[in-house]
Structure formats: C-alpha cells, structure tokens
Amino acid sequence: MLWSLLKSKFMKRVFAFVGFTSAITLILLNTVDYSIAKIVFLLSAVSFAASLIIKSLRQGRVVPLVLGTALFSCFIFAVFMQGSVMPQKQLDGKTVQADFKIIDIEQETDNGYIYTVKTSDIDFMNTPQNIKVKIKTKSKISADYYDSISALLSFYSCADNAFDSFSDYADGIYMRASLLSIEHVSENKKPLNYYVLNLRLKIRDLITETFDEDKSGLAYSLLTGDKNLLDDKIKNDFKVSGISHIIAVSGLHITLICMLIYYILKRIGFNDFFATCITVLLILLYIAVAGYSKSAIRAGIMIAVMLIAKLIHNKADTLNSLGFAVFLMCLNPFAVTDAGALLTVTAVLGLCVIKPAYDKALRPKNRIAAYFYDSVSASWSVLLSTFPVGWLIFGKTSIISIFMNILCIPLMQIALISVFLLCAFHAISFLGFLPKEAADFCLGLLIKISAWCEEKLNVLYLDISNELIGVVIAGLLLFAGISLIICNRINVKLITLFMCVIFAVTSIFSIYNYSSYAYVFVSSSGAVVIYDKESVLIIDADGRGDDYFIEDKLSARHFKNVAAINSDFCKKEILKLAASVDFDFKADEEKSLGDHITFKYSKDTIFVSVYDKVFKIDDDYVKINNYKLYRNIYESFHETDTRMLVFGKHTDILLKEG
C-alpha cells in the first residue's frame, strides 16, 4: 500500500523528489566538515547500490531515485571542492601578478571599493586561471567594465565554508584579494553583459534623480535586489520587522513583473504565443538586471515553466516546477547556502503545501472574510516554512512578520510596479507622473512603518539559535514529511499547536531576558562584546568579520551608552548602536556605562564589572571565577570552546552556553 502510494506521487512529481532531495543533501554537506562529507558520499553510494539490488526497493522507484539524487549531489559537491575550491585555496596569503576584468558594478564602502572580477591569468603554479574574485581597493579603479587590467594582488581566503562566506561561495567566489598596484589597462571587446551593467547604472541614476536618498535606496533594492544604496538603518528596520524579503528579488517580484508585461502585451494585441515568448525574454533580461541572484533565477525558471505549460494547455504542477528549478540551482552545490534562495524556496513551499492544508479546513466562503483570511494564512504559512532557515542561517526570527506582511506586501507591490513603470516610460513625462507619485507615497510609508515597528516591537525579534529549538524543528519536519507521504496530508492542527507553543515560550523568554540579563560574547576572531539592556562595551572588534558579529548579536537593540576599545575597524557598525559612542580612553582610567557596567583599561588587561561580577580580559581569555571564554583560538584546542556567558542581576552562578 505504502509503495503504491509513493509510486503514484513519484510519477506525478519526479522533479519535486529530485530537487528537494538534492537541496537537503547539499545543505547537509555544506554544514559538516569536508572529511565528514566524504563519509556521506560513501554512505550514499552504498545505499544507492543496495536500493538497486534489493528488489522491493527497486520496484518502488522512489528510494533509488532519492538515493541516486543524493549520490549525484555528493558527486557534484566533491567535484567543486576538489576541482575549484581547494586549488584556489593555494593562493591564500600569496601576493602575485594577475590579469582580470571587472564584471559587475562596484560596491562602495567606508574603506574604499569592492570589485567583482574575473581573472584571465594568475602568475602562480598549479592554480586555476579563470576564477571569480572580490577585490578590495582604497580608490576607484580607472577602467571600464570588461577592460583588461594587469595588477599585483594579495589573496586571502573569504571563508572556511559556504555558509560563512555570506553567499560568496554561492556566487562562485572562493577567494578575495587586496589590490596593491595596477600596471596597465587595455580596452577589450565588450560582451552582452556589459550593456546589461550599463542598463543597471542608468536605472540607478534615474531612481536616484527621482527620489530622495532613503526612498531611492529602497526603490533600487525593490527593483534590482541591490542593497548598496540602501541605508543601514532601513535594512535593519526591515530585518527586525520581518519584511526584509521584499528587498531581495524573488518569486513575488518576478511574478508581478511577469503578470504586468504579459497583461500589457495582450492588451496591445499580441497572441498567446508571442506574448509568452516576449514575456520570457524580458524576464530573462530582468533577471540579468537583478544580478542573476539565485532566488531570481529560481523564480524565473518556475515562471517560464508555468507560462509554457499554459501555452500548450497543460496545467503545471507548482511543486514539480519548484523542484525542477531547485535541481537546476543545485548544479551549483553552494547555491543552497544563499539565504535569499533558501527563504524564497521555503516560502513557496509554505504557500503551496501548508496554506492549502489550512484552506481545506478554515477558508471562509464570504469574499471579504476570505481576503483577510488569505492574507493572515499566507503570512503564517510562510513564517512556518521559513522558520528552519531562520534557525539555520540567522538564529533569529520576527514573529510580527505575520502582521507586517499583511500591511507591507500590498504597499511593496504598488511601489515595485510603479518604479518599474517609471523606468519603462520615464521618457514620456505624463506617463511617468502617476507612477512616481504612487511609488513615492508607498516607499515613504514602508520606511515609516518599519522604523516604528523596529523601535516599538523589537523585543519580538526573537533569538531562536538554541540547539533545543533546532531539535524541535527537526522533529516537526520529520513528522510533517511522514504525514505527507503516508496520509497524503499534514496534520495542521498539531503543527500549529506546536509552533504556537514555541513562539509563545520563545517570546516570553526573549522579553524577560531582554530586560533581566547581561551577556558576554567572544567572536571567532577574539572580539569581546559585553552588554545589558541599556549599555554595551565592545573590545578589539578589528577583524574582517566582526562587523557581521556585531550586527548579529546587537541588532534590534537600542543602547543609551556605548563604548568601544581598539575597534576603529568596525566604527561604522558600532556608531549605528547609539547616537553617541565613546572611542577615546586613557590608560588606568575607570569609566562607567549606565548603572551596571564599569571598566578599567590598561595596556595588557581590561577589568570589567557587570552586576558586581568582575571579568578579567587579556589577550587569551575572558575570565571570571572558574569560567573562561577563549579569545586565542589556539588555546581552545581540546577544550570546550565557550563563546557566551549569560547571567542575571540576582544570579550567583553564571549560565554557560557553548
């Protein structure tokens, strides 16, 4: 009975099985050490062989397909690691001569510029020549896109694994470099993408000329997914409010643009065939303008499949289309580590699996009631389906996103369509007036709503990084998967009950901990952050990744008092924490931060008192009583690598978490 049910599902949704199996396998491989990944490869090979030998498994078809897909994913992962990542790692710490071309719009930072380039020649033995690299430089490079540039580069590794690379691995970038000097620049024949980059620049210039600074950054992000113009505060407001997905080009953006283009083409007289072909071509152009992001490519594939299915009068299966898009995405084994791609895929899963389960039991027949029901159930379904990604990548989630999405997604849709029409018809002034005014109003409202939410409701931006929550998530996913396969449905009531309990308990603890506890964190590079409800002390945040560390630990908090020692490298990130930050200290001078934190800074040692508990901080450790937080990574070998201490005002024993 079970095998026949599985076989029937397999016949209908082959690509769903293939795509999701590939994605889950690659997430596992990217999470563990490469030595363990080799063991997973071996186990997959043995399991696949067994599924072909054992008759009952072979006849079921599903098991061999799933295990074969897992084995194929392991093979792809190994090929990329052995053929691309590890050979490029030979360049780590080396200064060599290289020829390259700039292949993307540069990113301006406080310390200079970051360029994405493609090398054509690297003067180092046994190293791949044609590789993508992010180059950091203090001044702008005087060269056009795709010109040949010969320069001296100092290479360094961008991360030890794909998840820590902040999507660099997903973009095929395994190394970074600092530009030391340029020897010569020569012009080259320009490829098609050169004109796409210039189109993006024209769109950026048009948007910045039309709107003020904050609105133009948001408008450009909505349309292209490029957040370089977006103010850091607005980014943080959107993240805390749970609506940051609207500034990453995804299925929602592609669908809106596709529907608009298709509607306009049909209205002006094109038949189904030509309307479909032109729409697909323009969507491909839009994906290129959006920087070929993984989420945009996934959405583009799905839309293309559905349009073609409609053209041949065949109903496309959403899960099958999604699985096909995911499988194509997984041909790059690091694509599954891209946060935007994971969020959009799981969001679509929520809408096409979880929401229909609610609809069968709860959807009202009244049209007005159904509209509000659809908004709430869609937001709740997406929150449930993206919750595992929040735990895996961010360690945080915003439960107010349910209500914020209901309010902000309609505004986002109007803003996106208006900005698109403005860019398309800007040359005709009377056609651009109405879209400009509509976009201006909606963009301003989105900024105000998210800012209010971040200020008033930031305690509901929950920390879900606890390992116990991960175990609960794994249990719920396993339960949902088994229910879907065996019973052909998900027990919505039970899962909803579990999730409500998780959110309620997490919210209560988050609100209580926010006002009652103090925290001590040590980053992987040795930076120390000590904070309570109103004050924060940051020590030695001078590493390249400490910006991310500070943002991760302190986002959504509003401090009255901020002090930073030896942390000029992260000055921009620290200044966002409060209106006033103290960076200047004299040796042996005792200073107070708020009511509970005092510190004394000397040349080699810093003493910090929090709630009358005294921490001694030197180059190797943060010490209090018998507890140690290791700052020197080499000292932590063969020991429990503790990175965090939590304690309360009336707590005598420190709460220690790894």
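A residue counts as buried here when its relative accessible area is under 20%, and as exposed when that area is over 50%. Keep that in mind as you click around this predicted model.

**Stop 1: strand S9**

Select residues 517-522, which make up strand S9. Which residues cover its two faces? On one side you'll find Tyr 517, Tyr 519 and Phe 521, and on the other Ala 518, Val 520 and Val 522, with all of them buried. That makes six buried residues out of six, so the strand is mostly covered by the under-20% rule.

Now add residues 644-648, strand S20. Five bridges tie S20 to S9, and the two run antiparallel. Put Tyr 519 in the centre of your view and look for Val 646 standing opposite, in S20. Tyr 519 also has a bridge partner in S10, namely Tyr 531, which leads us to the next stop.

**Stop 2: strands S10 and S11**

Select residues 528-531 for strand S10. S9 and S10 pair in the antiparallel sense over four bridges, and one place to see the pairing is Val 522, which sits opposite Val 528. Follow the chain from S9 to S10 and you walk through a hairpin with five residues between the strands. Pause in the turn at Gly 526, whose phi is positive at about 100 degrees.

Which way do the S10 side chains go? Val 528 and Ile 530 point one way, Val 529 and Tyr 531 the other way, and all are buried.

Keep going to residues 535-539, strand S11. S10 and S11 run antiparallel and are joined by four bridges. They also form a hairpin, this one with three residues between the strands. Highlight Tyr 531 again: in S11, its bridge partner is Val 536.

**Stop 3: Asp 568**

Jump to Asp 568, in the loop between strand S12 (561-565) and helix H20 (571-575). Is Asp 568 buried or exposed? Its relative accessible area is 57%, so it is exposed. Show Asp 542 as well: the two aspartates are 26 residues apart in sequence, while their C-alpha atoms are 6.8 Å apart in space.

**Stop 4: the six-stranded sheet**

Next, find the open sheet of six strands, ordered S14-S15-S16-S17-S18-S19 with antiparallel pairing. Colour S14 (589-593) and S19 (627-630) to mark the edges; each has a single partner strand, so one side of each is left without a neighbour in the sheet. Turn the sheet around as you look: on average, neighbouring strands are turned by 20 degrees against each other, direction ignored.

For a detail inside the sheet, pick S17 (residues 613-617) and S18 (residues 621-624), an antiparallel pair joined by two bridges. Here Lys 616 stands opposite Lys 623 in S18.

**Stop 5: helix H14**

Select residues 367-394 to see helix H14. Its 28 residues reach 37 Å from first C-alpha to last, close to the expected 40 Å. Where does H14 bend? Look at Thr 386, where the bend is about 40 degrees; a proline, Pro 388, follows within four residues.

Check both ends, too. Asn 366 caps the N-terminal end, with a side-chain oxygen 3.0 Å from the backbone nitrogen of Ile 368. After the helix comes Gly 395, which has a positive phi, near 75 degrees.

**Stop 6: helix H2**

Helix H2 takes in residues 14-31. It has 18 residues and spans 26 Å from first C-alpha to last, close to the expected 26 Å. Many side chains to inspect here are buried, among them Phe 17, Phe 20, Leu 26 and Leu 29.

**Stop 7: the cysteines**

To finish, show the cysteines. How many disulfides are there? The count comes to zero. A pair of cysteine sulfurs would have to be within 2.5 Å to qualify. Take Cys 277: its closest cysteine sulfur belongs to Cys 258 and is 12 Å away, too far for a bond. Cys 277 is partly exposed, at 31% relative accessibility. Then try Cys 453, where the closest cysteine sulfur is in Cys 408, at 8.1 Å, again too far for a bond. Cys 453 is buried, with 0% relative accessibility.

Technical notes
Residues are numbered from 1 along each chain as its sequence is written. This is a predicted model: local features need pLDDT of at least 70, side-chain atom pairs count only at pLDDT 80 or more; totals for chains, interfaces and linings use all residues. Side-chain values use heavy atoms; hydrogens and water are left out. Buried means under 20% relative accessible area, exposed over 50%, partly exposed in between (1.4 Å probe, protein chains only). The expected span of a helix is 1.5 Å times one less than its number of residues. The bend at a residue is the angle between axes fitted to the seven residues ending there and the seven starting there. A polar contact is a pair of N or O atoms within 3.5 Å; within protein, one must be able to donate a hydrogen and the other to accept it, and residues adjacent in sequence count only if both atoms are side-chain atoms. Two strands pair if DSSP finds at least two bridges between them. Axes are lines fitted to C-alpha atoms, for helices over the stretch in contact, and angles run from 0 to 180 degrees between N-to-C directions.
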